[in-house]
Amino acid sequence: KVSAYDLNKIAEKLNLSIKDLNKAFSRKILREDEYKEIKTLLFKKEFKGIEKGTVIFLNDNLDVVRGYPKTYRAITLYPTIKKHFIDKVVIEEKLNGYNIRIVKIDGEVYALTRSGYICPFTTKKVKKFLNLEILDDYSEYMLCGEMIGINNPYTPYYYKEVDRGFENLGFYIFDIKERETNKSLPIKERINLCEKYNLPYVKPLAVVDKDEAHIHVREIIEKLNKEGREGVVLKDPDMAVSPIKYTTHYTQCEDLKSAFTFFFDLGMDFLFSRVVREGFMSYEFKETLEERKNRAKDLGEAILLPMVETINKVASGERVSEDFELIFDSEEDFDEFLDFMRKMKMVITIKNIEKIDTEEGVKIKAVIGKIYNKTNDKIISYLNGTLW
Ligand code: ATP
């Protein structure tokens, strides 16, 4: 099965040995996947420098789309920024949505999720929202960006700038990369190309010297915090070193709130890292005791309030789910997306479907609930007297 395609060529393209490739197969790090008739290989984990989410299209070219690299986090602004960057630092807003790579392979546009699946929902939306002529002229590029807005199936979060009345969803490019090497264009070049092809992109908030960057970032973070926005990503103008991220107190709390709504499923993974971020922020921002106590109160509320609310709901007989509302052009698109969610092993339930009239024609509005079984089941069991 594995030898049905040219392993030599794949190994060469990825700069791996055949032995390594076979190791990746046998460890199930490299797996076959399929979307409609399109066959791909997918890296489920990072492997010898090949990012998780890297996809190889099993066509004649064996087109490679590298995974989007991890963005490391600054825990302190000073001296981290000064140590990491070369000279200037571009401060960009970090948008809170989901990461998408858009590519054109054999004349077809695909939107890949962070883990390397072709997402039918996102593929349809980007084809609709964007004029992707750029990928005819530069088929070696991938457009990396954030899909944001409340009507999305992964990170539903409202953004006023992408509101179209019946749908809150939009896409902003934050990086253009060579898809086979993962090399980023310098920020100016990315912006020039986006302007030329009329594509939406994340605009720099400021460009500062690395020595003073911590002061500017702190000011920007405090402003974004008040506006209920996520944070910043700091970048080298030439993308010569990797970007780093830093998020607001607001985001730390929002993350905890959503995790503790489904606390037996998500609580553990979220808690420690958020609390540590808050600890270092409180130290670095030289808070007064009163400010620190307010932070502690926010944190405590973000954890306890959603947890007790969930216990209450389950106690009164409800099965709690995370609901998202999506807009589809047709029943067929809706069914295709449900199949995709099942393939992603998500346990879902359809809560509501209705036809809506929009200026773009009749659409389907569906409310889908993602079920967290562990949270529901464990709560019931403790309420019934099970011992921990
Ligand atoms: P990782 O830490 O591995 O990158 P994660 O899922 O924990 O993954 P996040 O904490 O959300 O990631 O932060 C990184 C992500 O932020 C990027 O993958 C990207 O999707 C998103 N992002 C939003 N805005 C920007 C921006 N302006 N520049 C770069 N990335 C951005």
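Reader: Hi! How does the radius of gyration of this protein compare with that of a compact globule?

Author: Hello! The two agree: a compact globule with 388 residues would come out near 21 Å, and the protein has 22 Å. Keep in mind that this is a predicted model.

Reader: Thanks! And what box do the C-alpha atoms fill?

Author: Taken along the principal axes, the box is roughly 60 × 55 × 50 Å.

Reader: How many helices and strands should I look for?

Author: You should find 12 helices and 16 strands.

Reader: What share of the residues is buried?

Author: Of the 388 residues, 50% count as buried. As for the surface, about 19,600 Å² is accessible, and carbon and sulfur atoms hold 51% of that.

Reader: And the contacts, how much comes from residues 24 or more positions apart?

Author: Such pairs make up 66% of the contacts that have a separation of 6 or more.

Reader: Let's switch to pockets. How much space lies in the second largest one?

Author: That pocket holds about 270 Å³. Its lining takes two or more residues from each of α7 (213–226) and α10 (289–315).

Reader: Which element gives the most to that lining?

Author: That would be α7, with five residues.

Reader: Cool, which residues lie nearest the centre of this pocket?

Author: Among the 13 lining residues, they are Glu-222, Asn-225, Phe-285, Glu-287 and Arg-295.

Reader: What classes does the lining of the second largest pocket have?

Author: Seven of its residues are charged, three are polar and three are nonpolar.

Technical notes: Residues are numbered from 1 along each chain as its sequence is written. This is a predicted model: local features need pLDDT of at least 70, side-chain atom pairs count only at pLDDT 80 or more; totals for chains, interfaces and linings use all residues. Side-chain values use heavy atoms; hydrogens and water are left out. On a 1 Å grid over the protein atoms alone, a cavity is a set of points where a 1.4 Å probe fits but cannot get out, and a pocket is an open set with protein on both sides within 12 Å along at least five of seven lines; lining residues have an atom within 4 Å of a point. Grid points are joined across faces, edges and corners, and a volume is the space filled by probe spheres set on the points. Helices (H or I, at least four residues) and strands (E, at least two) are DSSP runs, numbered from the N terminus. Ala, Val, Leu, Ile, Met, Phe, Trp, Tyr, Cys and Pro count as nonpolar, Asp, Glu, Lys and Arg as charged, and the others, Gly among them, as polar. The radius of gyration is taken over C-alpha atoms; the globule rule is 2.2 Å times the number of residues to the power 0.38. Buried means under 20% relative accessible area, exposed over 50%, partly exposed in between (1.4 Å probe, protein chains only). Contact means heavy atoms within 4.5 Å. Accessible areas come from the Shrake-Rupley method with a 1.4 Å probe; for residues, only the protein chains shown count as cover.
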